Structure formats: structure tokens, C-alpha cells
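These are notes for a colleague who is opening this structure for the first time. Please read them with the sequence and the model side by side.

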Amino acid sequence: MKIFIDTANISELKKAVDIGICEGCTTNPTLILKEGKDYKKTLKEICSIIKGPVSAETVSLNAEGMVKEGKEFAKIAKNIVVKVPMTQEGMKACRLLTNAGIKVNTTLVFSANQALLAAKAGTYLVSPFIGRLDDIGQTGMDLIREIKQIYTNYGIKTQILVASVRNPIHVKEAALIGADIATIPFKVYEQLFQHSLTDKGIKLFLDDWDKLQKELKK
Ligand code: E4P
């Protein structure tokens, strides 16, 4: 499973790239609002840092507007993937952009049928939002399982990008199901590296190393 970072924050992305585990990035208007910067300039900067797919979200409600925005985004860099919402107009735009050679990420997907339709519209990535389903008392991860089953049944090539990830358990379960990608907020990304026994183990080894140096000096 690939790991993308769900952020528009350049310093977070640089940290993940520096570690060497960051295979793409997803952005949306909320994430851009947090940074308070120009969207296109930010995308350009992100694309100069990240080699993998970088998702850029359209805000038009009609297909014509989405296609126009998508074509503008696509000029920024080769690795831009255009996000369109799962609506009838979004799927129309998905087909038009895909036919024009521009990769699409269908966002705001909350049901298996929506994921099936997005695949039929040619979407490159499908983004089921698991955290937001959990928030309303449903089990978001069940949706990933359903989409995986349907895509496997029909040999569908669309990649399942698990979005709205809130914790490390989401990441582990997405990987167990066999999702293609999880896009992860930087806070959760950092949590993935941590374990109290790792910290305890490092401390023990360092203490013992120090003890050995002292004994050798005797
Ligand atoms: C990613 O593409 C989505 O926009 C993002 O994961 C949504 O996450 P949220 O539900 O935490 O806003």
C-alpha cells in the first residue's frame, strides 16, 4: 500500500520526503485554507518536492467548470491528478478529463455504488472517506472492504485511495484489506513510526552501551 500525505503544508511534506516515505500527496480546499496561500503556487511547490501523484481539487459544480479547472491544474506539473466530486457532473468531467489524458481522483465517495460508477467513468483514483463515515456512526472500513471486493470481482484498475484517515488503526486495516493507497494527515504519519517498546528498547541499548564503555575504560 502506498502512503500519501494529506496536507498542503510544505514543511510537513519536506519532512516526509526527507524520511523517504512519501509516495504522493492529496490536497483539498480545507487544507489549503489552513495554509492561507495561493492554491496554484502551493501545488507548484508541492509538485517540485513530490514525485508521485499530487491531487488538486476543483471547486466548480458543473462539468464544464471542473474540466476547465482541471486542465489548468494539469498545466502545473505532470504528476497532478485532478479531484472531482462524486456527482453526475463530476463523473461527466471525469470522463472528459480522462479522455483528454488527465488523471482523475474521484473524491467524497461514501458508498460502494459511487465507487463502481467512478470506475466506470474512468477515474484513476477513488477516494472513500472513512473517517467521516465513522463520525456518523458507520464503519468506514467496511466501505473499503466492499470496494476492494467489487473492483476485484471485475478486474477494475482504479486505485482505492483511503481518505479521511484519522488514526494508525485506519492505516493498518486499509493495508490488511489491500487498499492501494492511504492518504494520511502528518500527525498520523508520525504516529505510525512510534511504539513505546521501541523507545524503551533504544534507551536500554544506549544505557548498556554506556555501561560497556565505562567498563572498558577501567
Ligand atoms: C483527501 O483527499 C481528503 O480530502 C481528506 O482525506 C479528507 O479528510 P477529512 O475528512 O479529515 O477532512
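1. A cut-off comes first, as several points rest on it: a residue is called buried when its relative accessible area is under 20%, exposed when over 50%, and partly exposed in between. S164, at 9% relative accessibility, is therefore buried. The model is a predicted one.

2. On the chain as a whole: the chain has 218 residues, and 46% of them count as buried. Eleven helices and eight strands are found along the chain. The C-alpha atoms fill a box of roughly 80 × 40 × 30 Å along the principal axes.

3. On surface and contacts: about 12100 Å² of the chain is exposed, with 55% of that area supplied by carbon and sulfur atoms. Among contacts with a separation of 6 or more, 56% join residues that are 24 or more positions apart.

4. Which residues touch the most other members of the largest nonpolar core? They are I80, V84 and V162, in a core of 60 residues. Helix α8, residues 140-153, gives the most to this core, with six residues. Another core lies apart from it and has seven residues, including F4, V81, L161 and A163.

5. I80 deserves a look of its own. Once its neighbours within four places in sequence are left aside, I80 is in contact with L43, C47, V54, A56, F73 and A74.

6. The largest pocket holds about 360 Å³ of space. Its lining is made up of 21 residues, and those nearest the centre are D6, N28, F129, R132 and S164. By class, the lining has eight nonpolar, seven polar and six charged residues.

7. Which element supplies the largest share of that lining? It is α2, with four residues. Both α2 (29-35) and β5 (104-109) supply at least two residues each to the lining of the largest pocket.

8. S164 comes up again for its backbone. Its phi is positive, at about 60 degrees, although S164 is not a glycine. The residue is found in the loop between β7 (159-162) and α9 (168-177). As stated above, S164 is among the residues nearest the centre of the largest pocket, and its 9% relative accessibility makes it buried.

9. L108 is also worth checking for its backbone. Phi of L108 is near 60 degrees, a positive value in a residue other than glycine. L108 has its place in strand β5. Is L108 buried, exposed or partly exposed? Its relative accessibility is 31%, so L108 counts as partly exposed.

10. E45 is found in helix α3, residues 39-49. With a relative accessibility of 33%, E45 counts as partly exposed. Leaving aside neighbours within four places in sequence, E45 is in contact with I10 and K37. How far apart are the C-alpha atoms of E45 and K157? They are separated by 29 Å, and the two residues are 112 residues apart along the chain.

11. For a first pass through the model, three places can be visited in turn. One is the 60-residue core, where I80, V84 and V162 touch the most other members. Another is the largest pocket, with its lining of 21 residues. The remaining stop is the pair of positive phi values, at L108 and at S164.

Note on methods:
Residues are numbered from 1 along each chain as its sequence is written. This is a predicted model: local features need pLDDT of at least 70, side-chain atom pairs count only at pLDDT 80 or more; totals for chains, interfaces and linings use all residues. Side-chain values use heavy atoms; hydrogens and water are left out. A nonpolar core is a set of buried Ala, Val, Leu, Ile, Met, Phe, Trp, Tyr and Cys residues joined through side-chain atoms within 4.5 Å. Buried means under 20% relative accessible area, exposed over 50%, partly exposed in between (1.4 Å probe, protein chains only). Contact means heavy atoms within 4.5 Å. On a 1 Å grid over the protein atoms alone, a cavity is a set of points where a 1.4 Å probe fits but cannot get out, and a pocket is an open set with protein on both sides within 12 Å along at least five of seven lines; lining residues have an atom within 4 Å of a point. Grid points are joined across faces, edges and corners, and a volume is the space filled by probe spheres set on the points. Ala, Val, Leu, Ile, Met, Phe, Trp, Tyr, Cys and Pro count as nonpolar, Asp, Glu, Lys and Arg as charged, and the others, Gly among them, as polar. Accessible areas come from the Shrake-Rupley method with a 1.4 Å probe; for residues, only the protein chains shown count as cover.
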